[in-house]
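Have a look at the model below and turn it around a few times. Then we'll walk through it together.

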Amino acid sequence: DSKESVGEQLDYTLTGIESGAGIMVATDKALEEYDNLEGWEVSSSSSAVMTEQLGNAIENKEPIIVTGWTPHWKFAEYDLKYLEDPKEAYGSTEHINTIVRKGFEEDMPKAAKILDNFKWTPDDMQSVMLELQEGTDPVKAAKNWIENNGDKVDEWTKGIEDGSGTVKLAYVPWQSEISSTHVISEVLKQKGFETDLTQAGIGPMFQAIADGDSDAMTSAWLPRTHGDHYEKFKDEFVDLGENLDGAKIGLVVPKYMDIDSIEDLQP
Ligand SMILES: C[SH](C)CC(=O)O
């Protein structure tokens with residue numbers, strides 16, 4: 001019998017994450033821009049369900065296409081590849097920025113300087129994410145990373161005296177942002193500050209910074225993933241710049257699948 005197409009095998013369904021995620025907005029755009037994706041759809045669930053379905057498919061060497069991003073522990077765990085995206089529906093590389101409320105630099109200059117200095121690599125973030133995935137509590141995982149990377153942390157805090165007061169951090173519920181937020185929270189606490197962490201959706205997180213209800217976040221995926229939220233609030237916050245370069249979003253498949261581009265998918 002003729003070999004089923006990837007679309008037939010997957011019932012024309014891409015495996016997504018939470019419906020409000022930026023990568024899901026980008027995927028809706030991809031479904032519009034690629035004529036060959038006519039009839040395809042993206043299922044929404046959660047990043048935990050997506051990684052569970054990915055693991056199950058790989059265990060049974062079955063086809064699967066997920067909305068994926070770097071940094072993510074799945075690339076350390078599995079042999080994966082991004083599908084080429086010739087129409088750049090997912091952009092090219094992404095970076096993650098640190099954003100603070102207006103007035104924060106004046107109110108808490110030492111904490112703001114540490115947040116401004118915060119900069120690490122996809123491998124750094126991925127190593128904390130992997131610990132989270134293995135069940136380590138976020139505070140413990142952050143402390144472990146700090147203990148093993150004292151040189152980097154010293155770069156962020158050198159010349160800055162200990163401070164006091166509470167820094168209110170907002171973040172989104174993905175392991176990448178749980179990692180960055182808990183690392184910077186523990187570094188601030190080592191420098192004498194208290195921290196108050198609030199998890200929110202992407203829009204409410206940007207709104208909290210714009211309203212001054214939160215002081216800072218290290219979760220802005222740009223220019224594409226969270227670009228719409230950034231543009232909406234950009235006059236109401238202060239962008240301290242990149243805390244991570246070399247991020248990426250796109251459609252990700254196990255390397256055993258013989259498709260290499262989004263254009264290889266057929267309606
Ligand atoms: C960490 S994922 C790129 C989150 C998102 O897609 O908004």
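What follows is a short tour of the ligand's surroundings and then of a few residues elsewhere in the chain.

Keep in mind that this is a predicted model.

**Around the ligand**

Let's start with the ligand. Where does the ligand sit? The space it takes up is the largest cavity. Twelve names are worth finding on screen here: the residues around the ligand are A21, G22, I23, W69, W174, S176, E177, I202, W221, T225, H226 and I249. Two helices, α2 (22–33) and α10 (175–190), are the elements that each give two or more residues to this shell.

Some of these residues come up to the ligand's oxygen atoms with an N or O atom of their own. The table lists them.

| Residue | Part of the residue | Distance to a ligand oxygen atom |
|---|---|---|
| G22 | backbone N or O atom | 2.7 Å |
| I23 | backbone N or O atom | 2.8 Å |
| H226 | side-chain N or O atom | 2.7 Å |

How much of the ligand's accessible area does the protein cover? On its own the ligand has 260 Å² of accessible area, and the protein covers 100% of it.

**T218 and N97**

Now find T218, which belongs to strand β8 (residues 216–222). Is T218 buried or exposed? Its relative accessible area is 1%, so T218 counts as buried, the cut-off being under 20%. The side chain of T218 makes a polar contact with the side chain of S180, at 2.9 Å. Leaving out residues up to four places away in sequence, T218 touches a whole list of others, among them I96, N97, T98, L115 and N243.

N97 is on that list, so follow the chain back to it: N97 lies in strand β5 (residues 94–101). With a relative accessible area of 5%, N97 is buried too. Apart from residues up to four places away in sequence, N97 touches M217, T218, S219, A220, L222, D239, G241, E242 and N243.

**Y230**

The last stop is Y230, in helix α12 (residues 227–233). Y230 has a relative accessible area of 16%, and because the cut-off for buried is under 20%, Y230 is buried. Which residues does Y230 contact, beyond its neighbours within four places in sequence? They are I99, F206, L222, F237 and D239. Two of these names, L222 and D239, also turn up among the residues that N97 touches.

You can also compare sequence with space here: Y230 and G203 are 27 residues apart along the chain, and their C-alpha atoms lie 9.3 Å apart.

Terms used:
Residues are numbered from 1 along each chain as its sequence is written. This is a predicted model: local features need pLDDT of at least 70, side-chain atom pairs count only at pLDDT 80 or more; totals for chains, interfaces and linings use all residues. Side-chain values use heavy atoms; hydrogens and water are left out. Helices (H or I, at least four residues) and strands (E, at least two) are DSSP runs, numbered from the N terminus. Buried means under 20% relative accessible area, exposed over 50%, partly exposed in between (1.4 Å probe, protein chains only). Contact means heavy atoms within 4.5 Å. A residue is near a molecule or strand if one of its heavy atoms lies within 4 Å of it. A polar contact is a pair of N or O atoms within 3.5 Å; within protein, one must be able to donate a hydrogen and the other to accept it, and residues adjacent in sequence count only if both atoms are side-chain atoms. Accessible areas come from the Shrake-Rupley method with a 1.4 Å probe; for residues, only the protein chains shown count as cover. On a 1 Å grid over the protein atoms alone, a cavity is a set of points where a 1.4 Å probe fits but cannot get out, and a pocket is an open set with protein on both sides within 12 Å along at least five of seven lines; lining residues have an atom within 4 Å of a point. A molecule sits in a cavity or pocket if more than half of its atoms lie within 2 Å of its grid points.
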